[in-house]
Amino acid sequence: VGKINADATIMMWLGTLKKGMDLDSWGQLVEAINAYERLVEEMMHEAQQPKMLSLFSDDQKITLRKNAACLELRIKSLQSPDLENAFLLEQLEQIYLVLQNIMLPCQDFPFDVTPLSAKKLPKPKAPKKLDSPRISEFNFCDCSNSVSLPMYCSGTLLPRLKPKHGRTLLTIKIVNMGLKDAALCVDPYITITVRDVCGTELTTSQDTPFAVNLEGTYLIFQVDVEIQLPVEDIPTDAAIFFELKHYKPLKRLTSTKCFALLEMDEIRPGAAIIELYKKPTDYRRKKLQLLTKKPLYLHIHQTLLHT
């Protein structure tokens, strides 16, 4: 799975690099710089992933840093035409070949950019999960087909509570979430909290793994969430919140995209669909605004275990 995901990521990077080089050759410098900057951010983000979570080996990460450094040199050359020792478009063609063959062993890098490649970008304020191949790239293909995404992010889900006599445990399976721009979400996951009417957290928050599939306009999760309070101990005016979050590479942060909520009178066994609301998350439920008029929802399935 890891090699397949790495190959998919490389193919997407090659596509972005080719597009940037084409724009560069046509004299569309602003657009070319945007493409190069995007590649620098994504390569450096991947190069800083912890070893256990990364798609690439340590040697391959060094190559990614060097590729990013060369792209930065080309950006500076475009921004300052009179720059001495400018990095030429023709030299980027060699970077393309290096990236194309990055999975092969024992590659010699064609340029001496070691000092630059040692530089680090600020770490994104994102959960400690692997930066998956960008879902946003899949909008170039037929999204009527299912697109498999990585399954290597464990999230922070908690185990089921120990049964207590006279108490009911609630398991919520998050099946999928429909969004008109689902294909543009990067590393989407859902944070689940139980909050009272004042917005106070009643349990520890939990994060799902990243979505495992993209099917048309639906992010597929298929994951069980164990609510960390027996149903009888949750106040009747409380609600369970589901906040969809995603990573924004350009801003290097994780942002809430929308949210849904399940009130206590909606807790019952079986499937349910929940409306989506605009951010920011309104924990007090005072000014809820629907995200869209389209029939797109959070789909869940509830299981109640009586003890």
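Reader: In which helix does Leu97 lie?

Author: This is a predicted model, in which local features need pLDDT of at least 70, side-chain atom pairs count only at pLDDT 80 or more, and totals for chains, interfaces and linings use all residues. Residues are numbered from 1 along each chain as its sequence is written, and side-chain values use heavy atoms, with hydrogens and water left out. Helices (H or I, at least four residues) and strands (E, at least two) are DSSP runs numbered from the N terminus. By that numbering, the run of residues 89-100 that holds Leu97 is helix 4.

Reader: Is Leu97 buried, partly exposed or exposed?

Author: Buried means under 20% relative accessible area and exposed over 50%, with partly exposed in between (1.4 Å probe, protein chains only). The relative accessible area of Leu97 is 47%, so the residue counts as partly exposed.

Reader: How far apart in space are Leu97 and Leu14?

Author: In sequence, Leu97 and Leu14 are 83 residues apart. From C-alpha to C-alpha, the separation in space is 9.3 Å.

Reader: How many residues of helix 3 are buried?

Author: Helix 3 covers residues 58-79 and reaches 32 Å from its first C-alpha to its last. That is close to the expected 32 Å, a span defined as 1.5 Å times one less than the number of residues. The helix is mostly covered, and the buried residues number 16 of its 22.

Reader: What is the order of the strands in the open sheet of 5 strands?

Author: Two strands pair if DSSP finds at least two bridges between them. Pairing in this sheet is antiparallel, and 7 bridges join strand 3 (residues 189-195) to strand 7 (residues 239-248). The edge strands, each pairing on one side only, are strand 4 (206-207) and strand 10 (277-278). The order is 4-3-7-8-10.

Reader: Which residues have the most contacts inside the largest nonpolar core?

Author: A nonpolar core is a set of buried Ala, Val, Leu, Ile, Met, Phe, Trp, Tyr and Cys residues joined through side-chain atoms within 4.5 Å. The largest has 34 residues, and strand 2 (168-178), strand 6 (218-226) and strand 11 (298-306) are among the elements that give two or more residues to it. Contact means heavy atoms within 4.5 Å, and the contacts of Phe242 beyond four places in sequence include Ile172, Cys258 and Leu298. The residues with the most contacts inside the core are Ile240, Phe242 and Leu298.

Reader: Which residue forms a salt bridge with Arg160?

Author: A salt bridge is a side-chain nitrogen of Lys or Arg within 4 Å of a carboxyl oxygen of Asp or Glu, and the structure holds 9 of them. The closest N and O atoms of the Arg160 pair are 3.4 Å apart. Arg160 lies in the loop between strand 1 (146-148) and strand 2, and its partner in strand 6, so the pair ties together parts 66 residues apart in sequence. Arg160 is partly exposed at 46% relative accessibility, whereas at 11% its buried partner is Glu226.

Reader: Which residue stands opposite Arg195 in strand 7?

Author: Arg195 is buried, with a relative accessible area of 9%. Arg195 also forms a salt bridge with Glu201, with 3.3 Å between the closest N and O atoms, and Glu201 is partly exposed at 38%. Opposite Arg195 in strand 7 stands Ala239.
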